Amino acid sequence: MRRLIDRLEQKRSLSKEEWIALIEGMQDASYLFERARTAAQKYYGNAVYVRGLIEVSNYCKNNCYYCGIRRGNCEAVRYRLSEEEILNCCRQGYALGFRTFVLQGGEDAYFTDDRLADLVAAIKTSYPDCALTLSLGERSKDSYQRLFDAGADRYLLRHETADGDHYQRLHPAEMSYQGRMECLWNLKEIGFQVGCGFMVGSPGQTAEHLAEDMLFIAKLQPQMVGVGPFVPHHGTPFAKESKGSVDRTIYLLALLRLLKPNLLLPATTALGTVDAAGREKGILAGANVVMPNLSPVGVRKKYELYDNKICTGDETAEALNSLARRFLHIGYRLEMGRGDPVEET
Ligand code: 5AD
């Protein structure tokens, strides 16, 4: 496998068969992690970029089989932050040192283009030195354009799986793989820094599907890729499915680092949820971003995408110091700046 790992590092691409061999075999992990860390160090040194995550609404018109805030989960206690509450989150985050805010939410019809464009402009006017990331699902190209024109810098939209059949296994028929892909290409064309991503160990996922994810990412050339283990949620059709593996997740993070060494790669909350040391393991496999929760404390438990999602410990914005200590322990420092991607060389 070392041969394939070296080849990936040199060529920054592999054939589908080669990806499958690596992902199925999962061999030479410590060698791979060492190469991935070295690549991350070359671009980002020992910095871990920090983003403040504001979960603006858990209303969602979609019914994804894996997700705890799907519209069909009638147990979910719904909430929506007001513009004022969102601006307050930014104010508190700014005082704590955050210079990137991520507004994430379900596909909530309340957030029309007019309302969002006003909100984006208000945040960018108050905090012109901050980057603003949106993660609000599928919208029309015109809508994305308006949000970009209003000042949004980045957009996160996980593709979830790059295999059309597997996409349909994870989503009801009313959602389309084509539609998702089109959104990502539109975002790219408009000029957003774009993030895609997928879950590891989602029901029905094979090594071949993951190989397709890698090939898709090589083609899209996103600035960010969010990868975390699938974690079942009790109120979804996938309640009884088993969770994704931490080892496989960090193996994929390391492969992504070698595929595109300047990527912004978060050590996700899901990784920290299934393994108390998950985020450190992610960083040591080449991840370089963390997204502490800046949402109002009262709503954090309600944004429950999966069971036992951590929301009271070191991942909170208030616990930044203890998060910093944890990363310092493994030789990394929190970087509070905007954290734009470094140019590829
Ligand atoms: N387990 C892990 N990740 C999940 N997401 C949604 N539901 C789950 C789950 N059960 C991820 C999806 C989505 C992102 C916001 O959270 O990939 O894009």
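Begin by selecting methionine 26, which in this predicted model is partly exposed, because its relative accessible area is 24% and the partly exposed class runs between 20% and 50%. Methionine 26 sits in the loop between H2 and H3, and its backbone deserves a look as well, since the residue has a positive phi of about 45 degrees although it is not a glycine.

Now step back along the chain to arginine 12, in the loop between H1 and helix H2 (16-25). Arginine 12 is another non-glycine residue with a positive phi, here about 55 degrees, and with a relative accessibility of 25% it counts as partly exposed.

Next, select residues 29-44, which make up helix H3. How far apart are the end C-alpha atoms of this helix? The distance is 22 Å, and this agrees with expectation, because 16 residues at 1.5 Å a residue should span 22 Å. Continuing past the end of the helix, you come to glycine 45, which follows H3 and has a positive phi, near 55 degrees.

With H3 still displayed, colour its buried residues, namely Tyr31, Leu32, Phe33, Ala36, Ala39, Ala40, Tyr43 and Tyr44. An α-helix has 3.6 residues a turn, so residues three or four places apart point the same way. To see what lies over the buried residues of H3, add helix H1 (2-11), strand S1 (47-50), helix H10 (246-259) and helix H12 (278-284), which are included in their cover.

Finally, move to the ligand and show the residues that surround it: Tyr66, Cys67, Arg158, Glu160, Met199, Pro229, Phe230, Val231, Leu305 and Tyr306. How does this shell divide into nonpolar, polar and charged residues? Eight are nonpolar and two are charged, while no polar residue is present in the shell.

Three distances can then be drawn from the ligand to the protein, and it is worth keeping backbone and side-chain atoms apart while doing so. From a nitrogen atom of the ligand, a polar backbone atom of tyrosine 66 is 2.9 Å away. At valine 231 the partner is again a backbone N or O atom, lying 2.7 Å from a nitrogen atom of the ligand. At glutamate 160, by contrast, a polar side-chain atom lies 2.6 Å from an oxygen atom of the ligand. Switching to a surface display at this point shows the ligand's cover: on its own the ligand has 400 Å² of accessible area, and the protein covers 88% of that.

Methods. Residues numbered from 1 in each chain as written. Predicted model: local features only at pLDDT ≥ 70, side-chain atom pairs only at ≥ 80, totals over all residues. Heavy atoms only, no water. Near = heavy atom within 4 Å. Polar contact = N/O pair within 3.5 Å; in protein donor to acceptor, adjacent residues only side chain to side chain. Areas by Shrake-Rupley, 256 points an atom, 1.4 Å probe, with all protein chains shown as cover. Nonpolar A, V, L, I, M, F, W, Y, C, P; charged D, E, K, R; others polar. Helix = DSSP H or I, 4+ residues; strand = E, 2+ residues; numbered from the N terminus. Expected span 1.5 Å × (residues − 1). Buried < 20%, exposed > 50% of the residue type's maximum accessible area, 1.4 Å probe, protein only. Contact = heavy atoms within 4.5 Å.
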